[in-house]
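Student: Could we go through this structure together? I would like to discuss its loops first and its interior afterwards.

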Amino acid sequence: MKILNLNHITKTLMAVIFLAVSSNATAQQNTNNDFQSRVRFGGGLGLGFGSGYTNLSVAPSAIYDFNPYFSAGLALQVSYVRDKDFYESYIYGPSLILLTNPIPEIQLSAELEQLRVNLDYDDKVGGGSDNFWSTALFLGAGYRMDNITVGARYNVLHDSDKNVYNDALMPFVRVYF
């Protein structure tokens, strides 16, 4: 049942993106310079160390501004997390990002994220591995100041048993140049 719901959500989201992109493409004839001026890049870098703990992540992203109110783009996330004597994981996958700005100061977002998780346990009780896909659909809102948006997003598909994130609600800082 969960797969059916996810497929329905994915198909609906893709149809909305297709309609938005195709209607904009027929309404305007963009030159190459115009296209480049509408693309913005951003992303995140993560680095965390502790006593026997390592967390490294890289998450580049790019969005295209269709107009002042609507943007869409892609992101990629790659992470390595290790907790000595307990587990080691590799997490990677793409995201589809939709942003809308009903007024310049407010940004609403939807992000469909599909991550592959490869997890190896190495605890004293017994080792093992778990490899799974973690799908997230984040709906968010934030306060926007030029290229920076600060807000919160909620994973409507959160599953505490098979998820990369501990909680469905997460704060974010989004920066695009």
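Tutor: Strands here are DSSP runs of E with at least two residues, numbered from the N terminus. Please keep in mind that this is a predicted model.

Student: Understood. Where is Asp146 placed?

Tutor: Asp146 sits in the loop between S6 and strand S7 (148–155). Its phi is positive, about 55°, although Asp146 is not a glycine.

Student: What sign does phi usually have?

Tutor: Most residues other than glycine have a negative phi.

Student: Is Asp146 buried or exposed?

Tutor: Asp146 counts as exposed because its relative accessible area is 68%, and the cut-off for exposed is over 50%.

Student: And Asp85, what is its phi?

Tutor: Asp85 has a positive phi of about 65° and is likewise not a glycine. Asp85 belongs to the loop between strand S3 (70–83) and strand S4 (87–103). With a relative accessible area of 44%, Asp85 is partly exposed.

Student: Let us turn to the interior. Which residues form the largest nonpolar core?

Tutor: That core has nine residues: Ile91, Leu115, Val117, Leu119, Phe132, Ala136, Phe138, Tyr165 and Met170. At least two residues of this core come from each of strand S5 (106–122) and strand S6 (127–145). Apart from this core lies another, of six residues, including Val39, Tyr64, Leu98 and Ala110.

Student: Back to Phe132: what does it touch beyond four places away in sequence?

Tutor: Not counting residues up to four places away, Phe132 touches Leu115, Arg116, Val117, Lys162 and Asn163. Among these contacts, Leu115 and Val117 are also members of the largest nonpolar core.

Note on methods. Residues are numbered from 1 along each chain as its sequence is written. This is a predicted model: local features need pLDDT of at least 70, side-chain atom pairs count only at pLDDT 80 or more; totals for chains, interfaces and linings use all residues. Side-chain values use heavy atoms; hydrogens and water are left out. A nonpolar core is a set of buried Ala, Val, Leu, Ile, Met, Phe, Trp, Tyr and Cys residues joined through side-chain atoms within 4.5 Å. Buried means under 20% relative accessible area, exposed over 50%, partly exposed in between (1.4 Å probe, protein chains only). Helices (H or I, at least four residues) and strands (E, at least two) are DSSP runs, numbered from the N terminus. Contact means heavy atoms within 4.5 Å.
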